[in-house]
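Work through the exercises below with the sequence and the structure at hand. Try each task before reading its solution.

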Amino acid sequence: MKALVVGASGATGKLLVEQLLNMGQEVKVMVRPFSKIPDKWRNNDQVSIIQATISEISEEDMANYVKDCQAVASCLGHNITLKGIYGKPRKLVTDSVRLLCESILKNSPDKPVKFVLMNTTGNSNRDISEPVSFGQRVLMGLIRALLPPHPDNEKAADYLRLNIGQKNAFIEWVVVRPDTLIDHDKVTEYELHASPTRSALFNPGKTSRINVGNFMARLITESELWTKWKGQMPVIYNRQD
Ligand SMILES: NC(=O)c1ccc[n+]([C@@H]2O[C@H](COP(=O)([O-])OP(=O)(O)OC[C@H]3O[C@@H](n4cnc5c(N)ncnc54)[C@H](OP(=O)(O)O)[C@@H]3O)[C@@H](O)[C@H]2O)c1
């Protein structure tokens with residue numbers, strides 16, 4: 001199995017790539033020319049490095065990059081700087097998901113490509129009923145208006161839900177929703193839920209990035225886990241003792 005990982009230079013992306021490699025997978029990483037990546041990836045036959053800025057890639061080039069990949073994973077997110085939050089590309093994640101999907105569709109692969117998108121518990125799965133309190137709705141409205149990365153995350157998941165949908169012959173998807181991200185050295189036990197079991201704003205849980213990477217890598221490599229969650233937006237929390 002070969003997977004293309006975008007956002008591979010990020011704090012979670014790196015951990016996803018490492019775990020895919022440990023699981024024996026081949027990985028294509030797409031990183032910006034100045035992104036920092038581990039030196040060991042450069043000397044690893046399992047890794048191909050594409051140095052390119054995703055918002056500048058044509059559909060034709062992307063179709064060539066994804067042609068030999070059975071899975072695509074995105075850990076893209078806006079850098080937490082003024083430029084990252086308010087500068088261009090404003091729809092980094094949505095436009096990248098659209099580009100990747102349109103490129104896969106252009107290739108018409110024999111078997112559906114697995115698409116795993118890192119998202120957030122701040123986003124609801126509007127395919128199912130996920131009750132949100134009045135207070136959270138009001139605050140989310142403000143966040144949506146003031147912080148462009150949030151609607152970008154929402155629209156990226158909407159693209160998979162609404163444009164690709166549940167019965168696409170060429171793409172199957174899972175949107176992974178972690179809560180507040182923290183850093184741990186090792187994978188620990190984690191819980192998976194179809195919907196949030198706590199409020200992302202008023203009672204947030206914690207999710208370590210390495211656990212997000214582990215779940216995303218397992219989705220790509222474990223067919224039973226994929227079948228259980230495909231077309232859904234699982235929420236992942238670290239298990240609390
Ligand atoms: N913070 C939280 O508590 C939280 C909770 C739930 C979900 N999330 C979501 O999870 C995402 C990933 O988290 P993280 O901590 O792993 O993020 P991160 O370390 O900031 O990684 C972001 C990745 O996106 C890439 N990127 C940023 N701007 C780009 C651009 N204009 N063009 C191409 N690539 C670009 C970065 O590349 P470079 O290395 O080149 O900059 C990096 O690979 C967040 O951004 C957020 O949407 C966050």
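**Exercise 1.** Find how strand β1 is joined to β4, and name the bridge partner of V5.

Solution. The model is a predicted one.
- Step 1: β1 covers residues 2-6, and 4 bridges join this strand to β4.
- Step 2: The two strands run parallel.
- Step 3: Within β4, V5 has A73 as its bridge partner.

**Exercise 2.** Find how β4 is joined to strand β5, and name the residue of β5 opposite A73.

Solution.
- Step 1: β5 spans residues 113-118, and 4 bridges join β4 to this strand.
- Step 2: β4 and β5 run parallel.
- Step 3: In β5, V116 is the residue opposite A73. A73 is also the β4 bridge partner of V5.

**Exercise 3.** Sort the residues of β4 by the way they point, and decide whether they are buried or exposed.

Solution.
- Step 1: β4 consists of residues 71-74.
- Step 2: A71 and A73 point one way, while V72 and S74 point the other way.
- Step 3: All of these residues are buried.

**Exercise 4.** Name the residues with the most contacts inside the largest nonpolar core, then list the contacts of L117 beyond its sequence neighbours.

Solution.
- Step 1: In soluble globular proteins, nonpolar side chains tend to be buried together.
- Step 2: Here the largest nonpolar core has 57 residues.
- Step 3: V5, L117 and M216 have the most contacts inside this core.
- Step 4: With neighbours within four places in sequence left aside, L117 is in contact with S74, V97, A156, A157, L160, W173, V175 and V176.

**Exercise 5.** Describe the shell of residues around the ligand.

Solution.
- Step 1: The ligand is surrounded by 27 residues, and the closest are S9, G10, A11, T12 and G77.
- Step 2: At least two residues of the shell come from each of α1 (11-22), α7 (149-164) and β7 (180-182).
- Step 3: α1 gives the largest share, 3 residues.
- Step 4: By type, the shell divides into 10 nonpolar, 15 polar and 2 charged residues.

**Exercise 6.** Locate K88, decide whether K88 is buried or exposed, and describe its bond to P89.

Solution.
- Step 1: K88 lies in the loop between α4 (82-86) and α5 (92-107). P89 also has its place in the loop between α4 and α5.
- Step 2: K88 has 8 C-beta neighbours inside 10 Å, so K88 counts as exposed. The cut-off for exposed is 12 or fewer.
- Step 3: The peptide bond joining K88 and P89 is cis, with omega about 0°.
- Step 4: From C-alpha to C-alpha, K88 and S55 are 9.6 Å apart in space, and they are 33 residues apart in sequence.

**Exercise 7.** What is noted about phi of S108, and where is this residue?

Solution.
- Step 1: Phi of S108 is near 40°, which is a positive value in a residue other than glycine.
- Step 2: S108 sits in the loop between α5 and β5.
- Step 3: S108 counts as exposed because it has 8 C-beta neighbours inside 10 Å.

**Exercise 8.** Describe the protein chain as a whole.

Solution.
- Step 1: The protein chain has 9 helices and 10 strands.
- Step 2: Its radius of gyration is 17 Å, close to the 18 Å that the globule rule gives for 241 residues, so the chain is as compact as a globular protein of that length.
- Step 3: The C-alpha trace spans about 50 × 40 × 40 Å along its principal axes.
- Step 4: Of the 241 residues, 40% count as buried.
- Step 5: Of the contacts between residues at least 6 apart in sequence, 78% join residues at least 24 apart.

Notes
Residues numbered from 1 in each chain as written. Predicted model: local features only at pLDDT ≥ 70, side-chain atom pairs only at ≥ 80, totals over all residues. Helix = DSSP H or I, 4+ residues; strand = E, 2+ residues; numbered from the N terminus. Buried ≥ 20, exposed ≤ 12 C-beta atoms within 10 Å, placed from the backbone. Pairing = 2+ DSSP bridges. Near = placed C-beta within 6 Å. Nonpolar A, V, L, I, M, F, W, Y, C, P; charged D, E, K, R; others polar. Core = buried A, V, L, I, M, F, W, Y, C linked by C-beta atoms within 7 Å. Contact = placed C-beta atoms within 7 Å. Rg over C-alpha atoms; globule rule 2.2 N^0.38 Å.
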